[in-house]
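Morning, everyone. Please look at the structure on the screen, and we'll walk through how the protein meets its DNA.

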Amino acid sequence: MVSKDLTRSTVFRLNAVPPYNFALTVHKPAGWSLLTPFEIFAKGTLWTAMRTSSGEMFGLKLRSAGTVERPKISCKVFSQEELGASEKREVSKTLAWMLNLKEDITGFYALAKRDPLVRVLVKDLYGMRSTRQPDIFSRLILAVSLQMAPIARSNQMMTLLIKEYGDSVMFDGKDILYWPPPERIADAEVEELRKRCKLGYRAKPLKSIAESIRDGFPSLQKLDGISAEEAKAKLMELEGIGEYSADIVTPHAGFALDVWSAKIFSMLLLRRETESPRDMIPKLKKLAEQRWGRWRGYVFVYVLHDLDNLSRRFNLNLTQA
DNA sequence: GCGTCCAGGTCTACC
DNA sequence: GGTAGACCTGGACGC
């Protein structure tokens with residue numbers, strides 16, 4: 001763990017395309033973190049940390065300074081050195097991209113007129129936006145940790161990786177732990193990673209992925225600039241990254257069905273439980289594409305954050321999937 | 001306690 | 001091109 005004291009700060013505001021619900025977007029109902037599992041959300045304010053593709057660490061204090069229909073985000077960015085004008089522009093641009101401030105999702109909301117499931121989702125989570133990570137390595141760690149493991153074990157691996165190899169940034173009276181930089185994992189021995197972080201067979205692909213990023217694998221912002229198919233194919237060139245993991249990592253909204261989510265979408269799309277969810281994944285993906293088209297990624301995110309309400313509305317037991 | 005099973009995929013060898 | 005089997009580890013479960 002490497003600690004950094006971030007004593008310099010700069011403040012600015014960002015506008016978003018409405019509707020934009022800041023709290024639902026940065027602190028989603030299912031408890032998924034925005035940037036790191038160790039971030040803090042209290043009384044509408046988020047303290048978190050970010051590493052840009054150049055490797056620099058920042059502390060972030062974000063809160064809403066507007067409403068869902070007239071959204072404004074107040075951003076206080078903490079850094080080790082004073083930010084120049086161009087750096088400030090770059091951080092501001094990264095934040096806007098990460099928070100999806102400019103995305104127009106009226107097409108998704110228009111689906112509610114003819115799709116009863118989307119109608120419920122939009123009513124329950126109006127203004128929630130899917131977000132993106134500026135740090136590709138943290139997404140890849142998540143994807144690899146989720147493979148072939150119950151969620152508690154995935155969390156154990158990720159927590160150990162952060163505590164053993166990550167960064168700690170101190171700012172605004174908070175101490176936020178953040179994912180390791182790829183160079184640190186690339187320099188570690190596979191056996192050391194396996195033992196210290198209980199990674200099992202995942203240690204080898206994770207080190208290989210870290211080496212690829214260190215050696216110039218494109219950033220998520222760059223992958224966002226090419227087609228969804230090309231970005232996915234590029235991600236699948238990495239060792240240990242298959243279709244599911246690429247769907248989790250890609251900045252293009254993916255439909256990352258795994259065994260757990262396949263059970264949920266089987267009940268929602270087919271109204272029945274499936275005995276072999278893994279075998280159903282291709283069929284469910286096809287059905288989702290036919291029904292929701294380019295907005296299927298948004299349906300995916302909204303569904304997984306609305307399981308309690310959906311279970312009640314449609315009389316299904318989705319939380320036990 | 002102790003043994004067994006298996007999980008929120010991926011890769012490879014084999015047909 | 002499709003498919004069975006191996007892969008780390010630790011929590012859950014049965015005894």
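The surface near DNA strand C has one nonpolar residue, two polar and four charged. Keep in mind that this is a predicted model. Who are these residues? Around DNA strand C sit R153, Q156, R194, K198, G200, Y201 and R202.

Which part of the strand do they meet? Of the atoms of DNA strand C within 4 Å of the protein, 80% are sugar or phosphate, and the rest are from bases. Take K198 as an example. A polar atom of its side chain lies 3.0 Å from a phosphate oxygen of DNA strand C. Y201 uses its backbone: an N or O atom there is 3.0 Å from a sugar or linking oxygen of the strand. R202 goes to a base. An N or O atom in the R202 side chain is 2.9 Å from a base oxygen of DNA strand C.

Now to DNA strand B. Here 19 residues surround the strand, and G240, G242, S245, V259 and R278 come nearest. Sugar and phosphate make up 56% of the DNA strand B atoms within 4 Å of the protein.

What do the backbone atoms do here? A backbone N or O atom of G240 is 2.8 Å from a phosphate oxygen of DNA strand B. For V259, a backbone N or O atom lies 3.0 Å from a phosphate oxygen of that strand. Two elements give two or more residues to this surface: α12 (243-249) and α13 (259-270). Which gives the most? That is α12, with three residues.

Last, the make-up near DNA strand B: 11 nonpolar residues, four polar and four charged.

Conventions. Residues are numbered from 1 along each chain as its sequence is written. Chains are lettered from A and ligands numbered from 1 in the order in which they are written. This is a predicted model: local features need pLDDT of at least 70, side-chain atom pairs count only at pLDDT 80 or more; totals for chains, interfaces and linings use all residues. Side-chain values use heavy atoms; hydrogens and water are left out. A residue is near a molecule or strand if one of its heavy atoms lies within 4 Å of it. A polar contact is a pair of N or O atoms within 3.5 Å; within protein, one must be able to donate a hydrogen and the other to accept it, and residues adjacent in sequence count only if both atoms are side-chain atoms. Helices (H or I, at least four residues) and strands (E, at least two) are DSSP runs, numbered from the N terminus. Ala, Val, Leu, Ile, Met, Phe, Trp, Tyr, Cys and Pro count as nonpolar, Asp, Glu, Lys and Arg as charged, and the others, Gly among them, as polar.
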